[in-house]
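User: I'm new to reading protein structures and would like to zoom in on one part. Could you walk me through the sheet and the helices that go with it?

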Amino acid sequence: MVQKITQSLTGKRIVLGIGGGIAAYKCADLTRRLIERGADVRVVMTHAAKEFITPLTMQAVSGHPVADSLLDPAAEASMGHIEIAKWADLVVLAPATADLMARVTAGMGNDLLTTLCLATDATVAIAPAMNQQMYRAVATQENLVTLKRRGYPIWGPASGEQACGDVGPGRMLEPMQLVALVEEHFSEGDLAGTSMLITAGPTREAIDPVRYLTNQSSGKMGYAIAQAAAKRGAKVTLISGPVNLSTPANVARIDVESAEDMHQAVQAHAALHQIFIACAAVADFRPAHIADQKMKKKDGHDEMTISLVKNPDIVASVAAMTANRPFTVGFAAETQDVEQYARGKLAKKNLDLICANDVSCDGQGFNSDQNALHLYWPAGDKPLPLASKADIGNQLVSEIATLFNASK
Ligand code: C5P
């Protein structure tokens, strides 16, 4: 029986960037599997990659000449490096060796492949493959953290027996696992066509050059919502206060510090999004004056007064927009009379939905990895019982999408 292969990648333009690792031999199969599903694949190889698999093989399976040199006039004349960068819908670096990842992290453009990574606005997905000790090396791990923070999808590696005889993490994912990730990357998702602007994390209100006021917030809930929405195909912009979290894949992140910075960024983007979710723990007040120099203790002064002025209420300012007002969702972290306070804020701030968070309960809220919410909107309410923030993020995105669609 001949199995019919779904044309899930029809018309998708994929650059396969091959690094110099033994897993490169799997790239011929990977290319075939992508093409079978309708993708148009162009192969770019590093100098070292050609020691592991020949350009001729890759040309034969991809049906196109292999690009490998930045300075080859003939290649540049047929499809120059900027042209390939613009052509791509997705770049997959497989195998991404420790060296290739280091060069991408450093922003180098010392060969065709790294130059292309700099010049493309397509997603660059990275499938690491290397010896387990090289993978565990601090430099490699730090590069991975940086790449994740910048929003590069990291696909793998798998753990197991390695070509060199070692056992451990560093095996490239199998071609069919990579194909599944490529398909997932391009899958429309039920939120394709929906745009969301999300604030997350705390704000920092400077007192002097070294001190600030802030709020308890890890940013995990807002990041989980952004991740859930982006995974389901929404266009997501995340305006983030200072947090220690990686940017979820396919999320555009704007970093801010103070409530005023966050307010400005939100004002600039709110009308361009259909849904606004204010998950940030915004400081309600900021010092009236920021001292130019570090404030000094003075002998004989055991008290100090800092005057505070009110920050703008960001979510209320969005809810008050008269043109292109997005569907507006707020959060309410409460320690008592949760429903009463939440419904009060829903009405006072003119929100479409409020997500109440009982932060007096152990194991949920602020720095926890779990959360429970109770949603209130003018015509109803719904509890989302204790679950991981990833789960709650996903459920919340579903509820928001349903209410948003009903409001149209
Ligand atoms: O009034 P309260 O701070 O409890 O309201 C919480 C909600 O309002 C959250 O959604 C929070 O992100 C938002 N908020 C804001 N700007 C402020 C204060 C709170 O957007 N200055």
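Analyst: Here is a walk through the sheet, strand by strand, and then the helices around it. Keep in mind that this is a predicted model.

Let's start with the overall layout. The sheet is open and has four strands, in the order β2-β1-β3-β4, with parallel pairing. At the edges stand β2 and β4 (123–128); each has a single partner strand, so one side of each is left without a neighbour in the sheet. On average, neighbouring strands are turned by 20° against each other, direction ignored.

What holds strands like these side by side? Strands of a sheet pair through backbone hydrogen bonds, either parallel or antiparallel. Here, β1 and β2 run parallel and are joined by six bridges. If you want a spot to look at, find I14, which stands opposite V41 in β2. Over at β3 and β4, five bridges join the two strands, which also run parallel. There, V91 has V124 in β4 as its bridge partner.

Now stay with β4 for a moment. Although β4 is an edge strand, six of its six residues are buried, so you can call the strand mostly covered. In a regular strand the side chains alternate between the two faces of the sheet. You can follow that in β4: T123, A125 and A127 point one way, V124, I126 and P128 point the other way, and all are buried.

Next come the helices. Helix α5 (residues 98–106) lies across β3 and β4, and runs at about 140° to β3. Another helix, α9, packs on the sheet too, touching β1, β3 and β4. The direction of α9 makes about 155° with that of β3.

Finally, have a look at helix α1 (residues 27–36). The buried residues of α1 are C27, A28, L30, T31 and L34. They cover an arc of only 160° around the axis, which puts them on the same side of α1. What covers these buried residues? The cover includes three strands you've already met, β1 (13–18), β2 (40–45) and β3 (90–96). Helices α2 (55–62) and α9 (175–186) are also part of that cover. Just after α1, G38 takes a positive phi of about 105°.

So when you turn the model on your screen, try tracing β2-β1-β3-β4 across the sheet, then pick out α5 lying across β3 and β4, and end with the buried residues of α1.

Key. Residues are numbered from 1 along each chain as its sequence is written. This is a predicted model: local features need pLDDT of at least 70, side-chain atom pairs count only at pLDDT 80 or more; totals for chains, interfaces and linings use all residues. Side-chain values use heavy atoms; hydrogens and water are left out. Buried means under 20% relative accessible area, exposed over 50%, partly exposed in between (1.4 Å probe, protein chains only). The arc is that of the directions from the helix axis to the C-beta atoms. Contact means heavy atoms within 4.5 Å. Two strands pair if DSSP finds at least two bridges between them. Axes are lines fitted to C-alpha atoms, for helices over the stretch in contact, and angles run from 0 to 180 degrees between N-to-C directions.
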